[in-house]
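Trainee: Can we go through this one together? I have a few short questions.
Mentor: Go ahead.

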Amino acid sequence: MASRLQVADSRPEDWVYVSEGGATIVFSYRGTENPHFKGRVLRLRKVHLLDSSAVHSGEEEPDDPMIAFHRDVISYLVPQAFLPDLDVILLNESWLDALERLRDGDRPLERRQKDKIDKLRKKGVLATDLVGGEGIVAVEIKPKWGFLPREHHLSQETVSNKTSTCRFCMHTYLRSQEGSFPTDYCPMDLYSHNETRIVKAIHSLWDAWVRSDGSLNNFKIFVSGKVVKPSHVRAPLSTTREPLIVTNSFKETVTETLTALLLDTEVLGIISSLQRTLDELDIEGLAKLYSMTASDNAKSGLASVVADPTLEDWRDFVACYQTSYRTWDHANPDPKHIQYYLMSYLLSATFKDCSIILRIGQCDQSLPSARSVSIIDLDLKPMNKLGGWEELDRMIVERYKTAGHQKRCAP
Ligand SMILES: [Zn+2]
């Protein structure tokens, strides 16, 4: 491939820590010399402290699977305007080592105790920096499930709960029983395209953000490319020219701007439509169909699905999804389509777990700045998750039902 980007064309000190998830860690370019890196972030894979990298030196390392998945699958389903640009960047161990020495202290302690940059990787991902820029305020929201399932494949035991209470609200109940921060957030409000309900959803996200001091993963605020915690907002920012503090007026300004932006964009409609149309059977219907395909499958359930599709399988699936899949009778699914239904559910899970980044403007509000919405974290899920999801689904509904709740989450 022609002249690939090399991380060694920049200095480790030009990159600052932004954030990290379970599998990857993100740094943002603050140097000025290299135009290829300006406005971009470096996304690196992590490895458990006790593990060494799974990639053996000497072998040709494939590009990060995220790049191919975006190129061959995601970009056919989501308009490019909502997606960050992604490129492969070549890494080297001594450069990563220097970066780690400089920035490891900026990571949360609980993360540092668990994992580290996978320094044996030869390739990383360079992506659009969606939260960076001096004084820029950006909000990351993980909207979660934005639809109620159709009743075709639901059992007697679950149908009334699943068609009136959304999956997130039922899951929130289970989580609160297990000691998590309770939240009033209902995704159906955020997805509603109704101003009053969107405001209600944002207020719920905000209140849970404040109560948990930013420890929930469904709402984050970035200022100048850095995550701000409710309790930290006053300190770091009072030393800068921005008079930003967690006040009601800041909350209202952010809510107003986010609401206007969400009413103006089709991004949530695209996400919920993909989630729903890729999950026509619900996990219950998927499990039933799977059990019909072989006698062994009936016993073991979805937990026995382990083989991951190849990239070519995914390309074929997307072509099918855009054509014949839409004409299939999903109320009476054909067992011969089981593989595509499994893949479809997996892809739906990607959209149920993605986040959106909304750039909402400058701190001091005096400078208008480009507002935008993007979708991030569109990672491919592995097939071996299906068994766990089947189990979790059963537990979520069972507990909710036993508690006698039946919240109505309007579509
Ligand atoms: Zn709900």
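**Glu-20 and the five-stranded sheet**

Mentor: One polar contact, of 2.7 Å, links the side chains of Glu-20 and Tyr-17. Keep in mind that this is a predicted model.

Trainee: Where does Glu-20 sit?
Mentor: In strand β2, which covers residues 15-20.

Trainee: Is Glu-20 buried or exposed, and why?
Mentor: Glu-20 counts as buried because its relative accessibility is 10%, and the cut-off for buried is under 20%.

Trainee: Which side chain does Glu-20 meet at 2.7 Å, apart from Tyr-17?
Mentor: The side chain of Arg-107, through a polar contact of 2.7 Å.

Trainee: And what is Glu-20 in contact with, leaving aside neighbours within four places in sequence?
Mentor: Arg-107 again, along with Ile-25, Lys-46, Pro-108, Arg-111 and Asp-115.

Trainee: New topic, the sheet. What order do the five strands take?
Mentor: The order is β10-β9-β8-β11-β12, in an open sheet with antiparallel pairing. At the edges are β10 (226-228) and β12 (372-376); each has a single partner strand, so one side of each has no neighbour in the sheet.

Trainee: How are neighbouring strands turned against each other?
Mentor: By 30° on average, direction ignored.

Trainee: How many bridges pair β8 with β9?
Mentor: Five, joining residues 136-141 of β8 to residues 219-223 of β9 in the antiparallel sense. Among the residues involved, Ala-138 has Phe-222 of β9 as its bridge partner.

Trainee: Which strands do helices α7 and α9 lie across?
Mentor: Helix α7 (residues 195-211) lies across β8, β9 and β10, at about 80° to β9. Helix α9 (residues 248-264) lies across β8, β9, β11 and β12, at about 120° to β11.

Terms used: Residues numbered from 1 in each chain as written. Predicted model: local features only at pLDDT ≥ 70, side-chain atom pairs only at ≥ 80, totals over all residues. Heavy atoms only, no water. Helix = DSSP H or I, 4+ residues; strand = E, 2+ residues; numbered from the N terminus. Buried < 20%, exposed > 50% of the residue type's maximum accessible area, 1.4 Å probe, protein only. Polar contact = N/O pair within 3.5 Å; in protein donor to acceptor, adjacent residues only side chain to side chain. Contact = heavy atoms within 4.5 Å. Pairing = 2+ DSSP bridges. Axes fitted to C-alpha atoms, helices over the stretch in contact; angles between N-to-C directions.
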